[in-house]
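Student: I would like a close look at a single part of this structure, the disulfide and what surrounds it. Please take me from the link itself outwards, in one connected account.

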Amino acid sequence: MDLQIALLLGQDGVVNGAIYALLALALVLVFAVTRVIFIPQGEFVAYGALTLVSLQAGHAPGTLWLMLVLGAAVAAIDGPAAWRQGRRRLAGLLGRQLLYPFVIAALVLGAAPRDWPVLLQVALALVIVVPLGPQLYRLIYQPVAEASVLVLLIVSVALHLALVGLGLLFFGAEGSRTPAFSEASFEVGGLTVSGQSLWVIGASALLIVALYVFFEKSLYGKALRATAINRAGARLMGISTTLAGKLTFLLAAAIGALSGILIAPITTIYYDTGFLVGLKGFVGAIVGGLASYPVAAAGALLVGLLESFSSFWASAFKEVIVFTLIIPVLVWRSLTTRYVEEEE
Amino acid sequence: MKKVSKSLLAAAVAAVCATPALADLNVGVVVSATGPAASLGIPEKNTFALMPTSIGGEKINYIILDDATDTTTAVKNTRKLLTEDKVDVIVGSSITPNSLAMVDVAAEAATPMISMAASAAIVDPVDAKRRWVFKTPQNDVQMSTAIVEHMINAGVKTVAFIGFADAYGEGWYREFAKIAEARKLAIVANERYNRADTSVTGQVLKVMATKPDAVLIAGAGTPAALPQKTLREKGYKGAYYQTHGVANKDFLRVCGKDCEGTFLPAGPVLVAAQLPGSNPIKKVALDYTAKYEAAHGKGNTSTFGAHAWDAGILLQNAVPVALKKAKPGSKEFKAALRDALEGLKNVTVSHGIVNMSAQDHLGFDQRARVMVKIENGDWKLIQ
């Protein structure tokens, strides 16, 4: 193995690691705020990428119908309460859950997004997939928000299986790719760097900075942090844990869908790709103890690099090596941190 | 009013109970229509809907169950078909591990079974259990021979192998290595990747470091495109070979221009229209593609669905023979059907010509495979 190969592998590892890092951040965020281990995180990766593929092929993506159905369900459940709370509340709810999906559906069916520029298509794919996050939170997690971590985990597994099944129904069994955002490639010290991999790294870095600013500077970000630190205390301060949950899932869905859209030109995405990608992000998040954002991101980068180098040395055992990483990390964490009984 | 609905209910119950009537012939089908092998199982499932609903004047019921590409579910479904639906013959499943597990169940119930999975181990050797089992897809060894033959003729001396890290890749490597060794073809690299991998850069760099004359990629469906695209991106200039596992339209769509000039062995049904008119397979294969495309759109036929169609053709030839000896639903009929399947001679199916014997429960010869090249985004017959 010479320097050239090491550099190529390193580059590959960093690009994959950047995606894992985004997913790791989303997983840490969701867990910190809602105590949900969000296994379906990966499904948003596949949904984001494949929705974009459908739009580019000129089909109406299945996720569009899912958004319509979930919107109607949320409106039906929350309608009576909103009705009692006044006309403004009701109008807001109906606008978000019924009008918005119909406007998007009309846009997809009527405006032929097939011929749009790529960035507009990406935006359209995002506005279709991202609302699924808060909708699923409202329908699936909110009714059991106070349950134990174990119950929430079981709910996550069930939701994951349901979403994978829907993915197969919506997008079929075979994979797809999207055209690259940029065909450019650069020569850096004898190493060819593709424009798309710069997009991935750049977008990931930008998103991480944006999340930092959001949590440090904005009121909503501070509210989320407060909820993560102490749910009861945050509620006493007038922060709605329901709103915090929805906001968290909105962010998680956005990060997931964007990750999928970023890697779709580099690799083939299948309806079930998300699970494995999400799982590797999860390994990164575990390195950070599901609590620390910078350590989780670093852990995810480590997973990407480890994956890349082990695929060179021992390709048949690549997954074994990557997932075995979790054992020494858990041993080390359990030796160095004090175990705190979860408050019931 | 109440009385009417009650009697209606009774009639409905009676009708439901009477479905596996003794007179009908019940075919139990297990396919992997969901899960990782869904790209094989879905066209197979679609194909059963196109099959004739009666053979030799006997009404046929196809009872189709999905095993979700899971071995346990495949076995469970097989038992359900045998005990609840009282099927006379089992067709399935789509992949090798599931089919191997089903062999025991079918043999235990003394029921003939036709597998749609590739591995030779399903029907070979024909022992006490496997005497009940037949299969329609070509053995990997037949396809490997075709590839090695083509490589030798093209002057290839060294070859690198990249395959799935599962039974498919492992099986291919074993067969390919055996034949390559016999023909003095050196395998300089042996790499594995997973179906859902997002990157194969490591494997590709290792392969390219050995500077092989050709690369063989052993994957099925669209996942087989990733190594080829990465090899092209990193500038590999040698010859590319794929296996018959990629023979569907989605692979061409995903791989695009990066797959131009790739060679692969395949069942003749893939290039049915290009076969010479003297080839008897042409008519049968075109008949299937026409039927499938009429129902599911032009260009959507895959060779996997054709394996299911071929199982149907075997039944259409064997059932009339068995009907002379016994009535469907009886133990005797199952045994007679098994004997009839084993006795099939010169039956033309969409993938070749079948000559079964007590030692060979596949019955294909070299007419069951052709070499194909990808040209202008389509399959082109080359020999």
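**The disulfide and its setting**

Tutor: C255(B) and C259(B) are joined in a disulfide, with their sulfur atoms 1.9 Å apart. This is a predicted model, and a search of the whole structure finds one disulfide over all chains. The link of C255(B) and C259(B) is right-handed, with 70° about the S-S bond. As for the setting of the two cysteines, C255(B) and C259(B) are both buried.

From the link we can step to F251(B), which touches C259(B) itself and also G256(B). Leaving aside residues up to four places away in sequence, the other residues that F251(B) touches are G221(B), T222(B), A224(B), A225(B), Q242(B), V246(B), I374(B) and W379(B). F251(B) is also one of the residues with the most contacts inside the largest nonpolar core, a set of 101 residues in which M151(B) and F176(B) are named alongside it. Helix 11 of chain B, which runs over residues 303-323, gives the most to this core, with 11 residues. Because domain 1 (2-138 + 301-339) and domain 2 (140-266) of chain B both give residues to this core, it lies between them. A second, separate core has 88 residues, and L70(A), L124(A), F171(A) and A297(A) are among them.

The division of chain B into domain 1 (2-138 + 301-339) and domain 2 (140-266) gives the frame for this part of the chain. The C-alpha centres of domain 1 of chain B and domain 2 of chain B lie 34 Å apart, and the contact takes six residues from domain 1 of chain B and eight residues from domain 2 of chain B.

Taken as a whole, chain B has 12 helices and 15 strands. Its radius of gyration is 22 Å, close to the 21 Å that the globule rule gives for 383 residues, so chain B is as compact as a globular protein of that length. Along the principal axes, the C-alpha atoms of chain B fill a box of roughly 80 × 45 × 40 Å. The two buried cysteines belong to a chain in which 57% of the 383 residues count as buried. When contacts in chain B between residues at least 6 apart in sequence are considered, 66% of them join residues at least 24 apart. The accessible surface of chain B comes to about 15000 Å², and carbon and sulfur atoms account for 57% of that surface.

Chain A can be described in the same terms, beginning with its secondary structure, which comes to 15 helices and two strands. A compact globule with 344 residues would have a radius of gyration near 20 Å, and the 21 Å of chain A agrees with this. The C-alpha atoms of chain A fill a box of roughly 70 × 55 × 35 Å, again taken along the principal axes, and 52% of the 344 residues of chain A count as buried. Among contacts in chain A between residues at least 6 apart in sequence, those joining residues at least 24 apart make up 75%. Of the accessible surface of chain A, about 15500 Å², 71% belongs to carbon and sulfur atoms.

Note on methods: Residues are numbered from 1 along each chain as its sequence is written. Chains are lettered from A and ligands numbered from 1 in the order in which they are written. This is a predicted model: local features need pLDDT of at least 70, side-chain atom pairs count only at pLDDT 80 or more; totals for chains, interfaces and linings use all residues. Side-chain values use heavy atoms; hydrogens and water are left out. A disulfide is a pair of cysteine sulfur atoms within 2.5 Å. Buried means under 20% relative accessible area, exposed over 50%, partly exposed in between (1.4 Å probe, protein chains only). A nonpolar core is a set of buried Ala, Val, Leu, Ile, Met, Phe, Trp, Tyr and Cys residues joined through side-chain atoms within 4.5 Å. Helices (H or I, at least four residues) and strands (E, at least two) are DSSP runs, numbered from the N terminus. Domain bounds come from an automatic or database domain assignment. Contact means heavy atoms within 4.5 Å. The radius of gyration is taken over C-alpha atoms; the globule rule is 2.2 Å times the number of residues to the power 0.38. Accessible areas come from the Shrake-Rupley method with a 1.4 Å probe; for residues, only the protein chains shown count as cover.
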